[in-house]
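I opened this notebook to record what I looked up in the structure. The entries go from the overall fold to single residues.

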Amino acid sequence: MKSHISLERCPFCGKNIEMEKGPGNITFFRCNNMECLANISFGGNRIVSPGITEAENPIKKL
């Protein structure tokens, strides 16, 4: 069973966002609005690959 995560809306346009895994397994939050298409990620202490970090728990950072 998948757990459902409730995400906040895009901070730029207010539309829905989706969580995705990007290059280096970094968590990104992408806006679904075709006029915005903001991609948001959070830097932090967790090393994803050499030279690439992200927040320990990016969902809690929203």
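**Entry 1: overall layout.** I began with the secondary structure and found zero helices and five strands in the protein chain, in a model that is predicted. Reading along the sequence, I wrote the pattern down as β-β-β-β-β. I then looked up the totals: buried residues account for 19% of the 62 residues in the protein chain, and the accessible surface comes to about 4700 Å², with 51% of it belonging to carbon and sulfur atoms. Of the contacts in the chain with a separation of 6 or more, 21% are between residues 24 or more positions apart.

**Entry 2: the sheet.** Which strands does the open sheet hold, and in what order? I noted three strands in the order 1-2-3, with antiparallel pairing. The edge strands are strand 1 (17–21) and strand 3, since each of them pairs on one side only. Between strand 1 and strand 2, which run antiparallel, I found five bridges. For the register I noted that glutamate 18 stands opposite arginine 30 in strand 2. As a general reminder to myself, strands of a sheet pair through backbone hydrogen bonds, either parallel or antiparallel.

**Entry 3: the hairpin.** I turned next to strand 4 (residues 46–49) and strand 5 (residues 52–54), which run antiparallel and are joined by three bridges. Isoleucine 47 has threonine 53 in strand 5 as its bridge partner. The two strands form a hairpin with two residues between them, and glycine 51 in the turn has a positive phi of about 85 degrees.

**Entry 4: threonine 27.** Threonine 27 is found in strand 2 (residues 27–31). Is threonine 27 buried or exposed? I entered it as buried, because its relative accessible area is 4%, which falls under the 20% limit. I also noted that the side chain of threonine 27 makes a polar contact of 2.9 Å with the side chain of lysine 21.

**Entry 5: the cysteines.** How many disulfides does the rule give? The count comes to zero. I checked cysteine 10, which is in no disulfide: its nearest cysteine sulfur, that of cysteine 36, is 3.9 Å away. Cysteine 31 is likewise in no disulfide, the nearest cysteine sulfur being that of cysteine 13, 3.5 Å away. The cut-off I relied on for both is 2.5 Å between the sulfur atoms, and therefore neither distance qualifies. As for cover, cysteine 10 counts as buried because its relative accessibility is 5%, and cysteine 31 counts as buried because its value is 0%.

**Entry 6: the nonpolar core.** Which residues make up the largest nonpolar core? I listed six residues in all: Cys10, Ile17, Phe29, Cys31, Ala38 and Ile40. I followed isoleucine 17 further and, leaving aside its neighbours within four places in sequence, found contacts with Leu7, Glu8, Arg9, Cys10, Phe29, Arg30, Cys31 and Asn32. In soluble globular proteins, nonpolar side chains tend to be buried together.

**Entry 7: the loop between strand 2 and strand 3.** I placed asparagine 33 in the loop between strand 2 and strand 3, and entered it as buried because its relative accessibility is 18%. A polar atom of the asparagine 33 side chain lies 2.9 Å from the backbone nitrogen of glutamate 35. Leaving aside neighbours within four places in sequence, asparagine 33 is in contact with Cys13 and Lys15.

Leucine 37 is found in the loop between strand 2 and strand 3 (39–40). I marked leucine 37 as partly exposed, because its relative accessible area is 37%. What is the sign of phi at leucine 37? Phi there is positive, about 55 degrees, although leucine 37 is not a glycine. Most residues other than glycine have a negative phi.

**Entry 8: glutamate 8.** Last, I looked up glutamate 8, which lies in the segment before strand 1. I entered glutamate 8 as exposed, because its relative accessible area is 54%. Glutamate 8 and glutamate 18 are ten residues apart in sequence, and I noted their C-alpha to C-alpha distance as 9.5 Å. Glutamate 8 is also among the contacts I had listed for isoleucine 17.

Note on methods. Residues numbered from 1 in each chain as written. Predicted model: local features only at pLDDT ≥ 70, side-chain atom pairs only at ≥ 80, totals over all residues. Heavy atoms only, no water. Helix = DSSP H or I, 4+ residues; strand = E, 2+ residues; numbered from the N terminus. Buried < 20%, exposed > 50% of the residue type's maximum accessible area, 1.4 Å probe, protein only. Polar contact = N/O pair within 3.5 Å; in protein donor to acceptor, adjacent residues only side chain to side chain. Pairing = 2+ DSSP bridges. Contact = heavy atoms within 4.5 Å. Areas by Shrake-Rupley, 256 points an atom, 1.4 Å probe, with all protein chains shown as cover. Core = buried A, V, L, I, M, F, W, Y, C linked by side-chain atoms within 4.5 Å.
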